[in-house]
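Here are some short exercises to work through with the model open beside you. Try each task before reading its solution.

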Amino acid sequence: MRITRSNNNKWLHRFAVLVAGATFVLIFIGGLVTSTDSGLAVPDWPTTYGHFMFSFPLSQMVGGIVYEHGHRMVASVVGMLMVVLAVWLWLKEPRRWVRRLGGLALLAVILQGGLGGLTVLFLLPTPISVGHGTLAQAFFCLVICLAVVTSPQWQQPRTQREEPHRPALRLLALATTAMVYLQLLIGAIMRHSEAGLAIPDFPLAFGKMLPPFDSFGVAIHFAHRVGALLVTILAGWTVIRILRYYRQEALLYRPALLLAGAVLAQLTLGAFTIWSQKAVVITTAHVATGALILGTSLVLFLRTHQVLASPARSRAASISLPNVVQPAQ
């Protein structure tokens with residue numbers, strides 16, 4: 001019986017990883033829709049030129065329809081996978097909070113589908129389009145959480161290390177994740193308000209350190225650049241802490257290396273997005289790499305709970321120790 005339950009948990013975890021991977025692909029394809037201005041290539045919803053999702057003729061998949069209808073097809077697949085995952089969790093997962101997390105993820109993907117339809121029906125209004133993009137990132141975070149907490153490593157008991165350094169690594173990882181999400185929100189506002197080239201040069205801004213803030217586009221574009229700097233500082237601080245003190249902890253070391261590489265790639269892609277005048281492949285890769293940074297920083301935050309004792313627990317241990325060891329008479 002124990003072997004069967006272990007195998008079930010293993011396959012449940014693998015399926016959660018599959019859903020997370022499919023969601024990342026969906027975010028990339030969604031970026032292609034925006035980068036190619038294909039959001040209204042299909043003017044009706046939930047049908048595509050009167051056809052239901054998978055009945056649309058492949059011979060008519062031309063131009064922007066390839067991106068927009070392809071996005072809908074992949075979104076439908078992700079939605080179906082999430083339904084399976086939520087049901088699987090409800091039937092086989094003994095932890096109530098994990099089952100509820102699966103239900104929340106299912107609700108998020110349903111709302112995401114509805115927002116996607118509204119973007120078409122209301123002709124791509126900026127607030128709804130931004131909400132659609134940022135909810136996609138939130139759903140991505142939820143399925144990553146499910147993939148992590150269903151893993152065998154998460155459920156195995158382990159001795160947690162005390163962390164003497166301040167601020168705590170989990171706080172750094174949390175701050176990095178929050179800043180990355182805020183940066184993605186700012187980036188979504190910039191993209192959907194067509195401000196990606198509001199400042200046409202880089203690394204300067206109109207040849208200066210500070211641009212003239214004479215329009216919303218310039219302001220939101222410059223805020224995105226400032227956000228990139230803050231993300232780099234927080235992510236760099238987190239990575240350096242791990243490389244210096246926790247190199248032997250594979251659960252932290254490997255995602256830290258991925259985070260460092262992704263941030264460097266993202267800075268490069270951001271520069272080339274401007275230098276190439278928003279080339280489709282580069283701009284879309286920039287969007288996808290932002291999601292990769294978000295997911296990696298979130299994994300790091302979750303794994304600090306596995307590897308390191310909470311600051312409160314460490315303080316309690318240090319306070320109780322003198323009470324346990326009595327001085328010699």
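**Exercise 1. The fold**

What pattern does the protein chain follow, read along the sequence?

Solution. Before starting, note that this is a predicted model, in which local features need pLDDT of at least 70 and side-chain atom pairs count only at pLDDT 80 or more, while totals for chains, interfaces and linings use all residues. Residues are numbered from 1 along each chain as its sequence is written, and side-chain values use heavy atoms, with hydrogens and water left out.

Step 1: the pattern is α-α-α-α-α-α-α-α-α-α. Step 2: that comes to 10 helices and zero strands, where helices (H or I, at least four residues) and strands (E, at least two) are DSSP runs numbered from the N terminus. Step 3: along the principal axes, the C-alpha atoms fill a box of roughly 85 × 60 × 25 Å.

**Exercise 2. Two helices**

Find how the lengths of α3 and α9 compare with expectation, and which residues of α3 are buried.

Solution. Step 1: the expected span is 1.5 Å times one less than the number of residues. Step 2: α3 (residues 96-121) has 26 residues and should span 38 Å, which agrees with the 38 Å between its end C-alpha atoms. Step 3: for the 28 residues of α9, the expected 40 Å likewise agrees with the 40 Å between the end C-alpha atoms. Step 4: buried means under 20% relative accessible area, exposed over 50%, and partly exposed in between (1.4 Å probe, protein chains only). Buried residues of α3 include R99, Q112 and T119, and their cover includes α2 (64-92) and α4. Step 5: in α9, 21 of the 28 residues are buried, so this helix is largely enclosed by the rest of the structure.

**Exercise 3. The core**

Which residues touch the most other members of the largest nonpolar core?

Solution. Step 1: a nonpolar core is a set of buried Ala, Val, Leu, Ile, Met, Phe, Trp, Tyr and Cys residues joined through side-chain atoms within 4.5 Å. Step 2: among the 59 residues of the largest one, they are M82, L85, F139 and L146. Step 3: α4 gives the largest share of this core, 12 residues. Step 4: follow F139, which touches T23, V78, M82, A105, A108 and V109, leaving out residues up to four places away in sequence; contact means heavy atoms within 4.5 Å.

**Exercise 4. A pocket**

How many residues line the second largest pocket, and of which classes?

Solution. Step 1: on a 1 Å grid over the protein atoms alone, a pocket is an open set of points where a 1.4 Å probe fits, with protein on both sides within 12 Å along at least five of seven lines; lining residues have an atom within 4 Å of a point. Step 2: the second largest pocket holds about 450 Å³ of space, a volume being the space filled by probe spheres set on the points, which are joined across faces, edges and corners. Step 3: of its 21 lining residues, V17, I144, A147, V148 and V299 are closest to the centre. Step 4: the classes are 13 nonpolar, seven polar and one charged, with Ala, Val, Leu, Ile, Met, Phe, Trp, Tyr, Cys and Pro nonpolar, Asp, Glu, Lys and Arg charged, and the others, Gly among them, polar. Step 5: α9 supplies the largest share of this lining, six residues.

**Exercise 5. One loop residue**

Where is P200 found, and what does P200 contact?

Solution. Step 1: P200 sits in the loop between α6 (169-192) and α7 (216-245). Step 2: P200 is partly exposed, at a relative accessible area of 42%. Step 3: neighbours within four places aside, P200 is in contact with F206 and I274.
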